[in-house]
Amino acid sequence: MSLSNSLGLLGRKVGMMRLFTDDGDAVPVTVVDVSNNRVTQIKSQETDGYVALQVTFGSRKASRVTKPQAGHLAKAGVEAGEIIREFRVTADTADQHKAGGVIAASSVFSVGQKVDVQGTSIGKGFAGTIKRHNMSSQRASHGNSRSHNVPGSIGMAQDPGRVFPGKRMTGHLGDVTKTTQNLDVFRIDEARQLLLIKGAIPGAKGGFVTVRPAIKAKPQAAEGAK
């Protein structure tokens, strides 16, 4: 759930490509499909204790939907989606939408806007300490014997004589929720409901992502201001 009190969109990472500016500069962009974001429920302060829009994205077979969820979606009159998320919004924003409505990309984002993109990073399985925590390896030659890419000593002296919990060591790398902040919306394809975001975003191709207005974006300085 977003706590930024701003509406976002759910989508699927299509892949990366590059676009060219009028000056001939190549800009790497990530294509995100945000088509058919449907409002499944509008939560109000009086009924639920907070104001939010519940949104679904994608398509799911009816046989894959539980009966409680099917009844919930039938009440809103929308097709079952693959993911459902909530966005906390203001009461004025909630009044602009209704259950069963579709949210267009251009109604939420604009070209040049800063956004935060959240997704599940690519899982890389069991990794060593050096790779998992982006550490520097030891010397590859000149007297170093069998200690090139290892973490080195991990324990303490006789006191306390143990390894503290939380020590950075080998283990599972990736497959965690990550958020990349302050990315630019480079272009919006309204016909196909695609967001072209400058730079890379978390996750593999085909993975689900959540795009929200950036919460740490600095306000644009006025022209002529020092």
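Start by selecting F208: this residue is partly exposed, with a relative accessible area of 30%. Keep in mind as you click around that you're looking at a predicted model.

Now add F57 to your selection. F57 is buried, with a relative accessible area of just 3%; a residue counts as buried when that value is under 20%. Show both side chains and look at the rings. What kind of aromatic pair do F57 and F208 form? They sit edge-to-face, 6.3 Å centre to centre, with 85 degrees between the planes. The structure holds 1 aromatic pair, so you've already found it. Colour by strand next: F57 belongs to β4 (residues 52-57) and F208 to β12 (residues 208-213), so the pair ties together parts that are 151 residues apart in sequence.

Stay with β12 and bring up its partners. In which order do the 6 strands close into a barrel? Follow them round as β1-β2-β11-β10-β7-β12, with antiparallel pairing. On average, neighbouring strands here are turned by 50 degrees against each other, ignoring direction.

Zoom in on one piece of that barrel: β7 (residues 114-120) and β10 (residues 177-189). These two run antiparallel and are joined by 6 bridges. Pick K114 and look across to β10, where D184 stands opposite.

Last stop: the surface. Select I154, V163 and M169, which form a nonpolar patch with about 200 Å² of accessible area together. To place M169, find the loop between α4 (129-132) and β9 (171-173). Is M169 buried, partly exposed or exposed? At 32% relative accessibility, M169 counts as partly exposed.

How values were computed:
Residues numbered from 1 in each chain as written. Predicted model: local features only at pLDDT ≥ 70, side-chain atom pairs only at ≥ 80, totals over all residues. Heavy atoms only, no water. Patch = residues over 30% accessible without salt bridge, like charges linked within 9 Å, V, L, I, M, F, W, Y side chains within 5 Å. Areas by Shrake-Rupley, 256 points an atom, 1.4 Å probe, with all protein chains shown as cover. Salt bridge = Lys/Arg side-chain N within 4 Å of Asp/Glu carboxyl O. Helix = DSSP H or I, 4+ residues; strand = E, 2+ residues; numbered from the N terminus. Buried < 20%, exposed > 50% of the residue type's maximum accessible area, 1.4 Å probe, protein only. Pairing = 2+ DSSP bridges. Axes fitted to C-alpha atoms, helices over the stretch in contact; angles between N-to-C directions. Phe/Tyr/Trp six-rings, centres within 6.5 Å; stacked < 30°, edge-to-face > 60°.
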